[in-house]
Amino acid sequence: MSDVRVAGIDCGTNSIRLMIARVGERGMSVEVPRIMRVVRLGQDVDKTHRFADDALERTYRAIDEFAAVLKEHPVDALRFVATSATRDAENREEFENEVEKRLGVRPDVIPGTEEARLSFLGATSVLHTQFGDQLPPAPYTVIDLGGGSTEMVIGGDGTDVPTDRVAAAFSMNIGSVRMSERHLLSDPPTRDEIKQAVADINEHIDEAFDKVPAWKTGTLIGVSGTVTTMTGIALGLKDYDRDAVDGAVIGFADACSTCDKVLTMTRAERHEYPVIHPGRIDVIGGGALVWNCVLNRIGDAVRTRAHRVLNSYVTSEHGLLDGIVLDLGRRTLSA
């Protein structure tokens with residue numbers, strides 16, 4: 001078997017995505033580009049520890065849509081990966097049973113470390129495509145900023161440890177939905193709400209830094225909807241343009257200014273920016289604040305411990321979903 005057709009589904013706290021691709025010895029070729037639906041599965045999970053009935057219904061509608069696509073494009077293997085919200089939900093078995101009934105495959109509720117590994121695989125697998133032979137310096141640190149959790153993972157240094165191999169990873173229970181629902185309740189958020197959120201975020205980053213030597217970062221890569229949205233705004237895009245965003249290098253100063261602007265906007269003001277997906281309007285402020293804190297903390301760590309300047313990040317449209325599909329294809333080929 002020279003290649004296989006596989007599909008991956010990434011079911012996160014805010015959105016659910018499907019991608020179908022062929023995977024072979026030469027890599028991955030996408031056949032059905034990613035389909036994304038904002039379903040807010042993690043609605044109120046941080047507070048209630050349960051999936052809300054309307055959140056489940058929104059997610060089931062998207063899953064039925066995906067099932068129809070998969071019927072038109074049969075695959076050799078399918079993996080349904082569920083992340084932060086599902087890890088936290090006490091009624092997750094009900095969700096898992098319903099997904100299996102509708103798709104014929106049971107959700108794989110992965111731990112944060114596995115989520116980090118797959119996000120790293122997806123983000124680093126396209127660096128040659130994005131940069132050619134002029135690869136940015138290793139080690140690579142990938143930040144996958146989701147709705148319920150944010151993964152921080154660093155790869156090897158390219159000498160003792162290959163750059164495509166995870167050296168350390170940690171999953172923080174902070175994200176756009178979780179921070180917005182926990183702290184940023186006003187419209188726009190108050191100074192006190194922002195202060196409390198920053199303290200919460202920094203506690204989690206401290207914990208991550210105990211496990212991940214982020215100060216060694218040679219290149220920082222940001223993935224997920226929050227990061228790509230912030231990049232689109234920083235680039236001044238009128239409408240979201242995936243090709244313009246993917247591989248874009250954004251300076252920390254521009255990024256942090258953009259994050260501050262989005263954080264302090266009212267929801268009505270965010271609606272004036274078509275680059276922000278309508279499903280992210282009410283939570284993008286929480287994501288912007290997390291991204292702002294992460295950039296500042298990693299930049300400070302590199303400066304104070306490695307005595308280097310890290311003042312920009314690479315934006316990637318390739319994260320967890322790409323990693324799911326590529327990993328599944330490789331395992332299917334070797335089976």
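**Cavities**

I started with the largest cavity and got about 80 Å³ of space in it. This is a predicted model, so I keep that in mind for every entry below. How many cavities of 30 Å³ or more does the structure hold? I count two.

Next I pulled the lining of the largest cavity. Ser180, Leu184, Ser186, Asp187, Pro188 and Pro189 are among the lining residues, and so are Met265, Arg267, Arg270, Asp282, Gly285 and Gly286. By class I get four nonpolar, four polar and four charged residues there. Which helices each supply at least two residues of this lining? I find helix H12 (267-270) and helix H13 (284-306).

One lining residue made me look at the backbone: Pro188, which lines the largest cavity, is joined to Asp187 by a cis peptide bond. I read an omega of about 0° for that bond. Asp187 is in the lining as well. Pro188 sits in the loop between H7 and helix H8 (191-211).

Then the second largest cavity, which comes out at about 50 Å³. Its lining is Thr13, Gly42, Val45, Asp46, Ala85, Asp88, Gly148, Val177 and Arg178. The classes are three nonpolar, three polar and three charged. Three helices each give at least two residues to this lining: helix H1 (45-48), helix H3 (84-88) and helix H7 (176-182). Where do the residues come from in terms of domains? I see at least three from domain 1 (3-111) and at least three from domain 2 (113-320).

**Domains**

That sent me to the domain split. The protein chain is divided into domain 1 (3-111) and domain 2 (113-320). Taken over C-alpha atoms, the centres of the two are 23 Å apart. I noted 20 residues from domain 1 and 24 residues from domain 2 in the contact.

**The six-stranded sheet**

I wrote down the strand order as S8-S7-S6-S9-S11-S10, an open sheet of six strands with mixed pairing. Why is one side of S8 and of S10 left without a neighbour in the sheet? Strand S8 (166-172) and strand S10 (249-251) stand at the edges and each has a single partner strand, so there is nothing in the sheet on the other side. On average, neighbouring strands here are turned by 25° against each other, direction ignored.

I zoomed in on one pair. Strand S7 (residues 150-155) runs antiparallel to S8, and the two share six bridges. Thr150 stands opposite Met172 in S8.

Then I checked which helices lie across this sheet. Helix H5 (residues 112-124) lies across strand S6 (140-145), S7, S8, strand S9 (219-223) and strand S11 (312-316). I get about 115° between H5 and S6. H13 lies across S6, S7, S9 and S11, and runs at about 160° to S6. H13 is also a helix that I had already met in the lining of the largest cavity.

**The five-stranded sheet**

The other sheet I looked up is open too, with five strands in the order S3-S2-S1-S4-S5 and mixed pairing. Strand S3 (27-38) and strand S5 (108-109) are the edge strands, each pairing on one side only. Strand S4 (residues 77-82) pairs with S5 in the parallel sense over two bridges. Which residue is the bridge partner of Val81 in S5? I find Asp108. Helix H2 (residues 53-72) packs on this sheet and touches strand S1 (3-11), strand S2 (15-24), S3 and S4. The direction of H2 makes about 25° with that of S2.

**Backbone oddities**

Last, I went through the backbone. Most residues other than glycine have a negative phi, and most peptide bonds are trans, so I flag the exceptions.

Besides the bond at Pro188, I found a cis peptide bond that joins Ala138 and Pro139, with omega about -5°. Pro139 is placed in the loop between helix H6 (127-131) and S6.

Is the phi of Arg40 positive or negative? I read a positive value near 50°, in a residue other than glycine. Arg40 lies in the loop between S3 and H1.

Terms used
Residues numbered from 1 in each chain as written. Predicted model: local features only at pLDDT ≥ 70, side-chain atom pairs only at ≥ 80, totals over all residues. Heavy atoms only, no water. 1 Å grid on protein atoms, 1.4 Å probe; cavity = no way out; pocket = protein on both sides within 12 Å on 5 of 7 lines; lining within 4 Å. Points joined across faces, edges and corners; volume = space filled by probe spheres on them. Helix = DSSP H or I, 4+ residues; strand = E, 2+ residues; numbered from the N terminus. Nonpolar A, V, L, I, M, F, W, Y, C, P; charged D, E, K, R; others polar. Domains from an automatic or database assignment. Pairing = 2+ DSSP bridges. Axes fitted to C-alpha atoms, helices over the stretch in contact; angles between N-to-C directions. Contact = heavy atoms within 4.5 Å.
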